[in-house]
Amino acid sequence: MNRTVRLPDRIGPRTLLITAALPLTGWAVHAVALHKRLAEQQRDPLTGLLRRDAYTARARRLLARHGDTTAVIMIDADHFKAVNDTMGHAAGDTVLAAFGSRLTAWAGPRAAVGRLGGDEFAVVLDLNADRREQRLEQLIRMLHTPVVLDDGRTVDVAASVGAATPDVLGTRDLSRLQRAADAALYEGKRSGRPVLATLAHTTVASINGRRAGRPGTTMWGRAA
């Protein structure tokens with residue numbers, strides 16, 4: 001026996017509200033998914049850090065907002081090629097991921113933390129002058145802590161750190177600050193200590209924002 005389903009003669013306001021909300025809910029879910037995909041595209045999949053373009057945009061906003069209390073910090077993982085060569089690329093990936101986690105924890109959620117290249121990183125954050133030395137020493141200690149691999153092996157790691165600040169160099173230009181911080185970083189490779197850039201570091205020859213003579217710069221063309 002067929003039974004006919006009758007719709008109510010009157011549709012209540014609650015039903016109308018639910019019906020009207022269904023398309024909006026669909027768009028909201030779509031918008032959230034789109035936002036998530038866009039956010040994922042801005043981040044390096046291995047380390048979770050910002051890719052170069054996203055880092056640059058956020059770093060410039062921080063420099064414009066905080067001015068002289070901002071610090072631009074360049075970081076290189078030392079002897080990273082040896083890790084890949086002797087322990088394998090999976091071990092190297094674990095080291096890079098650990099560096100990403102440590103930089104994020106050290107800098108905090110409001111900073112710009114980016115992976116600029118294979119083993120090169122950058123951080124821009126608000127950092128008062130009276131805390132710079134202490135905080136940079138803390139960063140060095142964190143980046144020199146051995147990394148434990150999934151198979152239980154331990155990797156001794158190290159990093160060189162250079163920093164530049166607008167109040168010392170008289171500029172808020174991100175490229176100029178990064179060049180000076182990179183020159184200071186190279187000086188730190190000899191001392192094992194973090195180095196804060198002075199005006200003397202701004203005179204070091206550079207190519208496209210990196211110290212001339214460092215790996216990869218010979219193919220980048222004219223000096224920046």
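Two residues are said to be in contact here when heavy atoms of theirs lie within 4.5 Å. With that meaning, Phe-121, leaving aside its neighbours within four places in sequence, is in contact with Thr-47, Leu-49, Ile-73, Met-74, Ile-75, Leu-96, Phe-99, Leu-103, Gly-114, Arg-115 and Leu-116. The structure is a predicted model, and its protein chain contains seven helices and nine strands. Of the 224 residues of this chain, 40% count as buried, and among the contacts with a separation of 6 or more, 64% are between residues 24 or more positions apart.

**Confidence of the prediction**

- The pLDDT of the protein chain averages 83, and 73% of the residues reach a score of at least 70.
- Over residues 215-224, by contrast, the pLDDT is below 50, although this stretch still has 18 contacts in the model beyond near neighbours in sequence.

**Phe-121 and its surroundings**

- Phe-121 belongs to strand 3, which covers residues 120-126, and Phe-121 counts as buried because its relative accessible area is 0%, where the limit for a buried residue is under 20%.
- Among the contacts of Phe-121 are Ile-73, Met-74 and Ile-75, and these fall within the range of strand 1, residues 70-77.
- Leu-96, Phe-99 and Leu-103 are also in contact with Phe-121, and their numbers lie within helix 4, residues 89-107.
- The C-alpha atom of Phe-121 is separated by 10.0 Å from that of Arg-51, a residue 70 positions away along the chain.

**Strand 6 and its partners**

- Strand 6, formed by residues 159-164, is mostly covered, with six of its six residues buried.
- Ala-159, Val-161 and Ala-163 point one way from strand 6, while Ser-160, Gly-162 and Ala-164 point the other way, and the residues of both sets are buried.
- With strand 1 (residues 70-77), strand 6 pairs in the antiparallel sense over six bridges, and in strand 6 it is Ala-164 that stands opposite Val-72.
- With strand 7 (residues 195-196), strand 6 pairs in the parallel sense over two bridges, and here Ala-163 stands opposite Leu-196 of strand 7.

**Packing of helix 3 against helix 4**

- Helix 3 (residues 80-87) and helix 4 (residues 89-107) pack at an angle of about 145°, and their axes are 6 Å apart.
- On the side of helix 3, the residues that meet helix 4 are Phe-80, Val-83, Asn-84 and Met-87, and on the side of helix 4 they are His-89, Ala-91, Gly-92, Val-95 and Leu-96.
- The residues of this contact between helix 3 and helix 4 divide into six that are nonpolar, three that are polar and none that is charged.

**Salt bridges**

- The count of salt bridges comes to six, and three of the pairs are described in the points that follow.
- Asp-44 forms a salt bridge with Arg-115, in which the closest N and O atoms are 3.1 Å apart; because Asp-44 lies in the loop between helix 1 (13-41) and helix 2 (52-66) and Arg-115 in strand 2 (residues 112-115), the pair ties together parts that are 71 residues apart in sequence.
- Both Asp-44 and Arg-115 are buried, and Arg-115 is also one of the residues in contact with Phe-121.
- Lys-189 forms a salt bridge with Asp-78, the closest N and O atoms being 2.7 Å apart; since Lys-189 lies in helix 7 (residues 174-191) and Asp-78 in the loop between strand 1 and helix 3, this pair ties together parts that are 111 residues apart in sequence.
- Lys-189, at 38% relative accessibility, counts as partly exposed, whereas Asp-78, at 19%, counts as buried, the limit for a buried residue being under 20%.
- The side chains of Glu-137 and Arg-193 meet in a salt bridge of 2.5 Å, N to O, and this pair links distant parts of the chain, with Glu-137 in helix 5 (residues 132-143) and Arg-193 in the loop between helix 7 and strand 7, 56 residues apart.
- Arg-193 is partly exposed, with a relative accessible area of 43%.

**His-79 in the loop before helix 3**

- His-79 is found in the loop between strand 1 and helix 3, the loop in which Asp-78 also lies.
- The phi angle of His-79 is near 55°, which is a positive value in a residue other than glycine.
- With a relative accessible area of 65%, His-79 is exposed.

Technical notes: Residues are numbered from 1 along each chain as its sequence is written. This is a predicted model: local features need pLDDT of at least 70, side-chain atom pairs count only at pLDDT 80 or more; totals for chains, interfaces and linings use all residues. Side-chain values use heavy atoms; hydrogens and water are left out. Axes are lines fitted to C-alpha atoms, for helices over the stretch in contact, and angles run from 0 to 180 degrees between N-to-C directions. Helices (H or I, at least four residues) and strands (E, at least two) are DSSP runs, numbered from the N terminus. Ala, Val, Leu, Ile, Met, Phe, Trp, Tyr, Cys and Pro count as nonpolar, Asp, Glu, Lys and Arg as charged, and the others, Gly among them, as polar. pLDDT is the predictor's confidence in each residue, from 0 to 100. Buried means under 20% relative accessible area, exposed over 50%, partly exposed in between (1.4 Å probe, protein chains only). Two strands pair if DSSP finds at least two bridges between them. A salt bridge is a side-chain nitrogen of Lys or Arg within 4 Å of a carboxyl oxygen of Asp or Glu.
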